[in-house]
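User: I am new to this structure and would like to understand the reasons behind the words used to describe it. Could you take me through them one at a time?

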Amino acid sequence: MKIIERPTYLNRLIDLKGTPDIKIITGVRRSGKSKLMKAYMEYISKSDNKANIIFIDFTDLQFDDLKEYKSLNNYVNAKFILGRNNYVFIDEVQLCNRFELVINSLYSSEKFDLYITGSNAFLLSADLATLFTGRYIEIHVFPFSFEEYMSYHKEISNIDKAFNNYVREGGFSGAYPYLNERDRVQYLKDVYETIVNRDLIQKYNLSSGLVMDKLAEYLMDNISNLTSVNKVSEILNTNSIETTHVTIGKYIKYLCNAFVFYEIKRYDIKGKKYLETSNKYYLCDSGLRYAILGTRNMDYGRVYENLVCLELLRRGYEVYVGKLYEKEVDFVALNEKEKLYIQVSDNISSEDTFKREYDPLLRIKDAHPKIIIANTKHDKYSYEGIIIYDIALWLLGLL
């Protein structure tokens with residue numbers, strides 16, 4: 001399998017080298033957490049001649065005896081070398097029972113630079129504050145971006161062709177070696193089944209996966225739509241899947257905790273306040289949607305909106321759905337440097353569609369940048385101060 005460098009994540013780890021924090025690499029299953037850890041270990045071994053790297057991979061049988069937490073603790077401490085820079089890397093840490101006791105003890109000793117990865121269902125963002133009494137930092141890994149997809153598929157020189165393939169194939173690079181479409185789709189289905197019908201059921205002791213499975217399919221089918229737990233509950237019950245709004249609310253939280261979906265809250269642009277009503281949920285990868293749902297209800301505008309949301313999150317923005325009077329702005333994106341108002345569309349060649357996209361942006365009276373991202377297949381241009389980008393070029397950062 002090809003290995004593609006992921007400098008954004010690697011540089012983030014490099015920036016954190018030597019800090020006292022517990023560095024935790026998180027992300028959806030098969031997003032490349034283990035490969036990132038190994039790439040960073042290789043960097044350490046080349047750049048630090050005083051490095052003492054202690055590595056445990058709990059998927060490797062040679063470390064099977066360390067799955068008892070006291071054995072793991074004794075092993076790591078026995079590998080400590082005085083006068084060296086001692087790095088500890090533990091992959092799939094959740095396979096060690098009561099692993100958090102070991103990590104907290106190693107942290108308290110102040111002798112090690114600690115890095116861990118784990119299954120997304122057992123090392124959840126929501127659980128970290130409870131698990132670790134010491135200070136920790138998350139390095140969150142997404143499936144491949146379009147730019148990374150292009151780096152992998154260098155044989156595809158046509159950007160439009162590559163973009164169309166990326167929409168369908170997505171960013172799970174483990175699927176890329178399969179030349180047969182059926183095999184590639186089956187790989188993605190297996191990833192999905194493992195997360196939804198094994199990891200989450202085991203994590204939360206669910207009696208049945210039917211509600212979780214149908215809920216996930218519903219959310220996939222409704223990416224970019226405002227979602228109410230009451231409405232989802234009613235729809236599933238109408239389809240003879242017995243559930244309640246309380247269960248749906250919990251299960252959506254579980255899916256977001258496992259990074260299958262990202263919850264995007266609403267923001268009142270005029271009132272400058274966050275809204276507690278219906279939110280939107282965006283899927284971690286478009287290829288997963290295609291593998292599970294096929295071309296059913298294949299609304300490219302909503303799929304493109306999903307791609308833009310994930311890319312904004314990759315680039316470090318806080319992302320919200322904007323509300324302005326009765327109008328909606330797809331995204332309000334903020335970081336420490338800027339605020340962006342963004343509309344996303346498939347085809348804006350018709351005047352009616354174009355007006356529908358630019359009208360909410362023109363109603364915003366502040367000076368922050370206003371953007372439309374669409375499948376224009378043109379270089380960027382402007383209209384009434386609004387910048388229009390081709391989605392493929394925007395995703396590649398070719399601005």
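User: What share of the contacts in the chain between residues at least 6 apart in sequence join residues at least 24 apart?

Analyst: In this predicted model, the share is 65%, where a contact means that heavy atoms lie within 4.5 Å.

User: What makes the chain as compact as a globular protein of its length?

Analyst: The chain has 15 helices and 13 strands. Its radius of gyration is 22 Å, and the globule rule gives 21 Å for 399 residues, so the two values are close and the chain counts as being as compact as a globular protein of that length. The C-alpha atoms fill a box of roughly 70 × 50 × 50 Å along the principal axes, and 54% of the 399 residues count as buried.

User: Why is the pair of F63 and Y75 called edge-to-face?

Analyst: The structure holds 27 aromatic pairs, and F63 and Y75 form one of them, with ring centres 6.5 Å apart, which meets the limit of within 6.5 Å. Their planes stand at 80 degrees, and because an angle over 60 counts as edge-to-face, the pair takes that name.

User: Which parts does this pair tie together?

Analyst: F63 lies in the loop between β2 (51–57) and α3 (69–79), whereas Y75 lies in helix α3, so the pair ties together parts that are twelve residues apart in sequence.

User: How do you know whether F63 and Y75 are buried or exposed?

Analyst: F63 has a relative accessible area of 9%, and because buried means under 20%, F63 is buried. Y75 has 25%, which falls between the 20% and 50% cut-offs, so Y75 is partly exposed.

User: What kind of pair do Y149 and Y176 form, and where do they lie?

Analyst: Y149 and Y176 form an edge-to-face pair, at 5.3 Å centre to centre and with 90 degrees between the planes. Y149 lies in helix α6 (residues 146–152) and Y176 in the loop between α7 (159–169) and α8 (181–204), so the pair ties together parts that are 27 residues apart in sequence. Both Y149 and Y176 are buried, and both belong to one aromatic cluster whose other members include F144, F163 and Y300.

User: How do you know that R315 lies over the face of W394?

Analyst: R315 is at 4.3 Å from the ring centre of W394, against a limit of within 6 Å, and R315 lies over the ring face. K203 likewise lies over the face of Y204, at 5.9 Å from the ring centre.

Key:
Residues are numbered from 1 along each chain as its sequence is written. This is a predicted model: local features need pLDDT of at least 70, side-chain atom pairs count only at pLDDT 80 or more; totals for chains, interfaces and linings use all residues. Side-chain values use heavy atoms; hydrogens and water are left out. Rings of Phe, Tyr and Trp (its six-membered ring) pair if their centres lie within 6.5 Å; planes under 30 degrees apart count as stacked, over 60 as edge-to-face and the rest as tilted. Helices (H or I, at least four residues) and strands (E, at least two) are DSSP runs, numbered from the N terminus. Buried means under 20% relative accessible area, exposed over 50%, partly exposed in between (1.4 Å probe, protein chains only). A charge sits over a ring if NZ of Lys or CZ of Arg is within 6 Å of the ring centre and within 35 degrees of the ring normal. The radius of gyration is taken over C-alpha atoms; the globule rule is 2.2 Å times the number of residues to the power 0.38.
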